[in-house]
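Visitor: I'd like to learn how to read side-chain pairings in a model like this one. Could you walk me through it?

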Protein chains: 4
Amino acid sequence: MSYARKIINDPVYGFITIDHPLLLKIIAHPYYQRLRRIHQMAFAHLVYPGAVHTRLHHSLGAYHLMNLALNELKQKGFDISKEEELGAKIAILFHDVGHGSFFHALEKKLIANVDHEQISVLMMHLLNEEVNGDLQTAIDIYTDKQPKRFLHQLVSGQLDVDRLDYLSRDAFFTGVAEGVVGYDRILKMLVVHEGELLVEEKAIYSIEKFLISRRLMYWQVYLHKAVVSAEKMLVNIFNRARDLILNGTELHAASSHLDFFLQEPFSSNFANNIERFARIDDADVMYTLKTWCDSKDKVLSTLCVGLVNRQLLKVKFQTQHFDLNEIENKCTEVAQKFNLSAHEASYLVFTGEAVNTMYNPFDERIKILFKDGSTSDISTIDNPLIHHQFSNPVKKYYLCYSG
Amino acid sequence: MSYARKIINDPVYGFITIDHPLLLKIIAHPYYQRLRRIHQMAFAHLVYPGAVHTRLHHSLGAYHLMNLALNELKQKGFDISKEEELGAKIAILFHDVGHGSFFHALEKKLIANVDHEQISVLMMHLLNEEVNGDLQTAIDIYTDKQPKRFLHQLVSGQLDVDRLDYLSRDAFFTGVAEGVVGYDRILKMLVVHEGELLVEEKAIYSIEKFLISRRLMYWQVYLHKAVVSAEKMLVNIFNRARDLILNGTELHAASSHLDFFLQEPFSSNFANNIERFARIDDADVMYTLKTWCDSKDKVLSTLCVGLVNRQLLKVKFQTQHFDLNEIENKCTEVAQKFNLSAHEASYLVFTGEAVNTMYNPFDERIKILFKDGSTSDISTIDNPLIHHQFSNPVKKYYLCYSG
Amino acid sequence: MSYARKIINDPVYGFITIDHPLLLKIIAHPYYQRLRRIHQMAFAHLVYPGAVHTRLHHSLGAYHLMNLALNELKQKGFDISKEEELGAKIAILFHDVGHGSFFHALEKKLIANVDHEQISVLMMHLLNEEVNGDLQTAIDIYTDKQPKRFLHQLVSGQLDVDRLDYLSRDAFFTGVAEGVVGYDRILKMLVVHEGELLVEEKAIYSIEKFLISRRLMYWQVYLHKAVVSAEKMLVNIFNRARDLILNGTELHAASSHLDFFLQEPFSSNFANNIERFARIDDADVMYTLKTWCDSKDKVLSTLCVGLVNRQLLKVKFQTQHFDLNEIENKCTEVAQKFNLSAHEASYLVFTGEAVNTMYNPFDERIKILFKDGSTSDISTIDNPLIHHQFSNPVKKYYLCYSG
Amino acid sequence: MSYARKIINDPVYGFITIDHPLLLKIIAHPYYQRLRRIHQMAFAHLVYPGAVHTRLHHSLGAYHLMNLALNELKQKGFDISKEEELGAKIAILFHDVGHGSFFHALEKKLIANVDHEQISVLMMHLLNEEVNGDLQTAIDIYTDKQPKRFLHQLVSGQLDVDRLDYLSRDAFFTGVAEGVVGYDRILKMLVVHEGELLVEEKAIYSIEKFLISRRLMYWQVYLHKAVVSAEKMLVNIFNRARDLILNGTELHAASSHLDFFLQEPFSSNFANNIERFARIDDADVMYTLKTWCDSKDKVLSTLCVGLVNRQLLKVKFQTQHFDLNEIENKCTEVAQKFNLSAHEASYLVFTGEAVNTMYNPFDERIKILFKDGSTSDISTIDNPLIHHQFSNPVKKYYLCYSG
């Protein structure tokens, strides 16, 4: 008896089983292996030292939850063919393959005219050629062209396995026990109704809890002061680098592939340069930051030394805009202290908004299927037990400054 | 009321409390922050994707266990002064500070005449100057010059908090549930007897279990085929690089600091170059490997591409030496396949020993304190319940080859 | 070196250390040991089979959290004497000692003129005589007569270790992962301000999460339909038994001590009968229920057989009062089906309210200490991030009926 | 779409799914519900307060592992029909249904001529009639009459799901982290070879670990001094009761069903009295012990008071027989102290053997399937890595005495 199976240990779920040769092939591909060298949570480990898990690990975890979800739905009698099953598994494995290193921070700086989902699609198409079209169903599911929409919704929707995994995984590796999500209960409550993915009525508390956990993770982790500071420092490092280059200074990223995008971002022919992109990972960025610690440009070296050695800019949060005078005063102070121009100081003192869009009812919805067959969105349930404020995006303003 | 305290989330232990300004100062130092950029388990994540935790995280964990151990001993009435307590905490924080990136693989290749513990001492002395001698007690404990030997044994001994943490942490992040160690029970059983660290009699099963877990972790994790393969590939990459350089080929590491040691290893004046050393981390090594993927030297590029994309050499283990003919045949095969010389092929086909020295009774000992006040080493206990074979170092031979 | 210490394994916290002879003495007392034979969650195990933990286990857990809380406060420099420390530990060990078997269900039926906290105090006084007054500080803390009010608040308040433990423990043993409380984080954020227990500002999210977890546990566990049904069946069993006795039927509880209270509840001299009370546990109640399965009274036997064999009354919840006609119809149906009078049927069809009083701002408060030294109640914080509805007690009406 | 499914929370495995009406019917049966009122670990909770989980909970856990095992085998392509699958699930649900309350202690005292597995079969046959023969496959599997022997081996064998669950569950609820078993890894390594259940080669370390964990659980938990003491006290309580009855003393168990077996044990027509047996649970035994606390017989009351209030006999363990003089001296001492005859004192001072038969190679075997298709028993593997001593049953002698 012969069978191609690989079992992978995962501290979050125990074991992840890979049970098809095509899945093994995809995982072995350099596009996929690259995810191994990209932190899922960027610089969050500066606050939560355990949060060094990788995008590859998250991708495998989401794949595992997809397996659980498909098994539940099949056991409940919903029709899913072998081909659709494999397609959904591939789609979720690949959902993040186009993610760049420190993408949330760098995406808008270096490769502005494509987003990471478009890059994922590009890469899937390239890989599809290598495997003679075997990824077509996966691509259809990923791009929402498959008639069974619930398969796409498992990959990308309000309750998709992507979110369920990253919240679970991020809570696990940060050690923020309160962020734990009852993913298994939610998965067991999934149903298909008129081709869409819904949850059964008795999942209401679990979903409410899921939304609350997500909110807690936003404020306590993703938007933690030091995490925001590190992310904004990284953005400003590349802003400054671009600024210098545009002003004619000779400046290079230590990594040649990263340098290509730095010298000429917003390139119209991104698709032609995808192989370059596919070779960039956290090592390219980190090594570049380390070399720029010795840059002659004081702004650049200050920011890089700070980020590398975890001497972060200070951060204040408040619910109103910061007073312009306060910002200007801080800026002047910093300009004097480091002997910088006002423009230069603006890289070390700046403000912006941090938004936690936990659940946007105008966007996609979490629909509940009641025992009587009716459905409604969780935000509109006529039940005093459900908070109605979920839909309010909450905004805070931050001020970063060299302390 | 004012107090300097920092609380760090840790998925393994919950919370780690840093409660002294000197500790905060040490942790903030670039020497210490560098550990954040070095994987604790090198390439083990190629098999166990969760195993990407850092040396900094391990160091904080060992520090936490030191806190627990000291509290237990103090509660039991053993005399430990405030200064000794702080010293022991600093000593454990610093115990790994001299660890290089991928050190187990690279130590003998690049910096042969000093080991990482000597480097730790060097760094502690340098830092001691910065803080006007406040680290002296810590240094004495680390170097076993403190009269209360048990403090040193907590830092470095058969049951030190270093081991207790790395076994616990490695089991946790790999997801190998069976490697879990009852660290808390062992810590609660520690006693001091004639100045030495012992464990109470009722800890016997826990310690036996600790030794078994360690053995399991060795064979299942540390000496996993793919982990051994990756480590040996890394060694051979730097062997090959040195080989080329000695033969006059112009070859550089992408990282200038790493290149310094590559061009001139075994330097007699390591102490003078410690600042260079202190700036090398995994990014230097990984980025170098990635650039060498494009090397003209076929051996170097083959190994680097393989290691970066996880196309590892195959590995066989056996309890006897491998047959020389078998090795030679494989070698010839590989030489032909890749059009290499026999010498070049020897980087892709090679053999060696993997040794699991779980517990060496001739070395340091785990001593048990019995209720009647007598003591004996766990390996000599006259008790049919304790296995006597713990002391046998177990050896396996491996054969790595391009498959 | 001699020390009286006992270490107890606890799946929730790892190890619990008992470190004083007086504590060991109290735990060994039959009053305390009785708690070992009383389920913490009564019949919740009919839904959550793991929820069979005992009041003794909860009491030890709360004691452990008290240790952690006191250590945190001492480390932060708040003054707590050895005597106060021991007193607070004893007070929490004893806080539930007056709990009867299935008390939430039976308290009002059998021993109406004293509540379990008064019984705890009675028992503490009795025990205090046995140990020559050594419990006085504990009694003062328990009864809020100790000048340092924060000690009492640790035993009984909005954030007391009693709640932190029972929520943690109940979530653990039911397996409701979403009910998990970040007890360790909350404990680390405790401070004393003007003699009162407060939490630091940065605990806000953890406390919000604590309140949400509590709400989830209420609706998903404590007020789960089947749990409510079982509890109400037990109440009606004893209601029916009393009814029969008052009408002159000879009916006895199988347990003589339980029977004493059954024949003559609301006794004015409860204090004289405390030794009887102290010998009643779940076995008395369960064995009585099992013998009444064979009662000639059909109502009694129906309810007992149902409760023993888990054939529970059906339950409906709704937010409005149930329609009287609906109830009457059901009642008539049941009366006919089982050949019962309307009065008899009312033991099998009945309605009532289930209330979740998560957080009552008019009662005790959770106060936050801000960095600037100001304080406010969490429910009044001017912060869009905190939900303002915490204070609404939420009510549901239930209808139980024989299905 | 309609489906009969019930989901049960389990702190050990997360969720257990019951997915067939026949399974729901069996679980709802009073025979099965009785297991809810029997502690899995008898008096182990006197040492490990969390160990109050029930036989019902264990049975559900074993059922869950059976599901996992069957899924693995089916995924690997082994042929298992729907009927066999359901049969195996029922067989494991019922495997313990014949267990009596405190059976390990009482079995030989009260119902000597049948063992609990025979009782389970009796009960299965009775239930089979109620469901028109639908349990036949389950009975065949349980009694090893099913041609696919591996199904029986999953229910009862060296690596059956019964053991995997009870070790996992007992380790979990006692909080003995070191007893944790890698059940999921072992289940993933199961294969069928020539109709028998084997494990793949790469499971070797996990199985070795499983055996070690089992040993640790034996010595640290199952044969813990206080646990042995409580068990032997219970045995002696019933020994003494029988002794009194045989000598003409009027003595009754408080429970009438228990009393039936007490007055006339070893009844030849056990099958006729199975309904009595099926109504006995821990409440009958505990309530009887509590009433006997007031017995006029000093031996009986001493033992009962001791067991109820956790004032246990002292225990000594040693590897040799205890010296007869030592025993006799203790006996005399106790006789004088309590004013007892020598015979009476022998209930309070006695000796015996505690045996840990971890793995008996002559009995059933754990067979390994190697990659080359060969098989061998784990105890005979020619591999220095596997300890050869597993097969030695280890024996200790105990002496219990009133201290």
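Guide: Sure, let's begin with a polar contact, meaning a pair of N or O atoms within 3.5 Å; within protein, one must be able to donate a hydrogen and the other to accept it, and residues adjacent in sequence count only if both atoms are side-chain atoms. Here the side chain of A:His58 makes one with the side chain of A:His95, at 3.3 Å. The A:His58 side chain also makes a polar contact with that of A:Asp96, at 3.4 Å. Before we go on: this is a predicted model, where local features need pLDDT of at least 70 and side-chain atom pairs count only at pLDDT 80 or more, while totals for chains, interfaces and linings use all residues. Residues are numbered from 1 along each chain as its sequence is written, chains are lettered from A and ligands numbered from 1 in the order in which they are written, and side-chain values use heavy atoms, with hydrogens and water left out.

Visitor: Is A:His58 buried or exposed?

Guide: Buried means under 20% relative accessible area, exposed over 50%, and partly exposed in between (1.4 Å probe, protein chains only). A:His58 counts as buried because its relative accessibility is 1%.

Visitor: Which residues is A:His58 in contact with, leaving aside neighbours within four places in sequence?

Guide: Contact means heavy atoms within 4.5 Å. On that basis A:His58 touches A:Gln40, A:His95, A:Asp96, A:Asp162, A:Asp165, A:Tyr166 and A:Arg169.

Visitor: How many salt bridges does the structure hold over all chains?

Guide: A salt bridge is a side-chain nitrogen of Lys or Arg within 4 Å of a carboxyl oxygen of Asp or Glu. The total over all chains is 92. In chain A, a network of them links A:Asp19, A:Lys74, A:Glu85 and A:Lys89.

Visitor: Where do D:Glu72 and D:Lys188 sit in chain D?

Guide: Helices (H or I, at least four residues) and strands (E, at least two) are DSSP runs, numbered from the N terminus. D:Glu72 and D:Lys188 form a salt bridge, 3.0 Å from N to O. This pair links distant parts of the chain: D:Glu72 is in helix α3 (residues 55–75) and D:Lys188 in helix α10 (residues 183–188), 116 residues apart. D:Glu72 is buried at 8% relative accessibility, and D:Lys188 is buried too, at 13%.

Visitor: What about C:Arg163 and C:Asp160?

Guide: They form a salt bridge whose closest N and O atoms are 3.6 Å apart. C:Arg163 counts as partly exposed at 22% relative accessibility, whereas C:Asp160 is buried at 2%.
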